[in-house]
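Student: I have a model open and want to learn to read its features. Where do we begin?

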Amino acid sequence: MDIAIIGAGINGLCIGWELAKAGHGVTIYERDTVVAHTSSASSKLLHGGLRYLENGEFRLVAEALQERQAWFHRAPTLAKPLRLTLPIYRHSRRGRPLIALGLWLYDRLARSRQTPNHTWLSAAEVVAQLPELQPQGLRGAFQFWDGQMDDRQLGHWVAEQTRQAGATLLERTPVAAVSPDGRLRLTDGAEMHYDQVINAAGPWARHLLRTSAIDSRHDLDLVRGSHLVLNRPCRDACILEVPDDQRIFFVLPWQQGTLVGTTEVREDHPPGAAPTPPQPSAAEIDYLLRAYNHYFTQPAGHQDIRTTFAGLRPLVKSAADPSRATREYVLERHGQLTTVFGGKWTTACALARKVRQQVEKATPVALPVSTKGTTGGPEPTPRHANAR
Ligand SMILES: Cc1cc2nc3c(=O)[nH]c(=O)nc-3n(C[C@H](O)[C@H](O)[C@H](O)COP(=O)(O)OP(=O)(O)OC[C@H]3O[C@@H](n4cnc5c(N)ncnc54)[C@H](O)[C@@H]3O)c2cc1C
């Protein structure tokens with residue numbers, strides 16, 4: 001099939017890679033450049049998402065843990081295991097038994113031989129390992145494993161794999177409208193026709209449907225997340241509760257500095273208006289500094305901030321509280337058009353496999369001999385027959 005993908009964020013790229021490997025002709029249209037938006041503004045974690053267990057998202061956590069391992073295998077120099085410390089204080093809202101249960105489940109779901117199971121450290125052991133952590137009220141800490149990557153670098157690596165698999169990647173090529181019969185119109189007026197079109201425009205996916213006059217059953221909850229990078233080294237990655245809040249935040253080693261994040265601020269855009277790339281607000285920066293200073297004995301101020309950045313989570317609309325909104329993804333079909341709602345960086349390849357299954361189920365297709373693993377059969381389809 002000839003397939004067009006809109007968006008070269010991690011979801012669009014992984015879908016393109018998966019479909020090109022299966023022998024389809026793939027063209028990816030990106031309005032800006034590869035991973036220029038949400039996919040380079042993440043917390044840089046390849047993780048199952050321990051906190052999603054609280055929301056009962058067991059399927060998602062199990063899949064994300066498997067995908068975390070898959071990234072370690074796929075790109076071992078760019079995706080690495082990361083040990084996280086989760087301190088428990090006298091005032092912690094989640095006590096030791098609850099966290100122990102969550103981590104026991106996390107280890108079971110991960111079924112990983114590459115990362116060790118979680119451990120418990122006494123308060124004295126924590127202080128010896130992380131002397132910069134506030135010792136007052138400290139009861140001890142759990143240590144467990146997830147993964148870390150440079151989202152921009154890994155995203156560019158995926159883009160290169162996608163190209164090598166035969167896909168065409170067109171940057172600075174915005175799509176103005178799509179249609180359920182496989183048509184696609186660029187902003188310069190050019191019109192093309194494909195066997196299948198995949199709308200992977202992330203936070204802009206719903207807007208693209210609206211401007212194409214297509215109703216959808218699902219909606220997006222656009223939730224801004226901000227980070228700051230402090231100009232100081234970070235010895236150990238920590239996951240901590242925001243004081244006076246149910247939320248958690250991360251303190252992570254990042255490019256010889258310390259990455260602190262993130263926030264969850266719902267963005268409302270007037271109907272019909274395209275979401276604009278977000279900026280961290282002064283209130284979010286103060287919130288993150290306050291949270292950091294609550295736990296670390298050497299306080300950080302504005303003068304310690306190297307840089308800040310923000311991204312817009314394209315979450316499937318599901319809950320009043322953005323913290324509780326599902327991190328699952330949903331595929332919605334309109335004829336030959338499939339739209340991706342939601343998703344995580346970590347699970348982008350799992351999502352891509354589901355898109356491929358859905359697309360191939362929709363239209364009977366003769367694949368090239370090499371990808372079918374059989375001899376004989378139909379002539380290979382051209383690698384990229386391009387748009388009709
Ligand atoms: C603050 C924050 C922290 C996060 N942390 C993590 C984490 O640690 N681990 C994790 O697994 N996930 C994390 N996520 C989630 C993850 O980053 C996102 O789920 C993922 O990056 C979404 O990718 P995407 O491809 O759907 O969207 P995007 O990366 O935004 O890509 C969509 C692309 O579509 C393009 N586009 C839009 N409209 C058009 C058009 N009309 N024509 C052509 N192109 C178009 C855009 O330019 C953009 O490049 C985080 C998200 C945020 C916001």
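Student: How much of the contact map is long-range?
Tutor: Contact means heavy atoms within 4.5 Å. In the protein, 74% of the contacts with a separation of 6 or more join residues 24 or more positions apart.

Student: What sort of model is this?
Tutor: This is a predicted model: local features need pLDDT of at least 70, side-chain atom pairs count only at pLDDT 80 or more, and totals for chains, interfaces and linings use all residues. Residues are numbered from 1 along each chain as its sequence is written, and side-chain values use heavy atoms, without hydrogens and water.

Student: How many aromatic pairs does a search of the whole structure find?
Tutor: Rings of Phe, Tyr and Trp (its six-membered ring) pair if their centres lie within 6.5 Å; planes under 30 degrees apart are stacked, over 60 edge-to-face, the rest tilted. Here the search gives 8. W17 and W157 are edge-to-face, 5.7 Å centre to centre with 90° between the planes.

Student: Is W17 buried or exposed?
Tutor: Buried means under 20% relative accessible area, exposed over 50%, partly exposed in between (1.4 Å probe, protein chains only). W17 has 10%, so it counts as buried. W157 has 24%, so W157 is partly exposed.

Student: And which type of pair do Y89 and Y295 form?
Tutor: A tilted one: 5.5 Å centre to centre, 50° between the planes. Y89 is buried at 3% relative accessibility. Y295 is buried too, at 4%. Y89, F249 and Y295 form one aromatic cluster.

Student: What share of the residues is buried overall?
Tutor: Buried residues make up 56% of the 388 in the protein.
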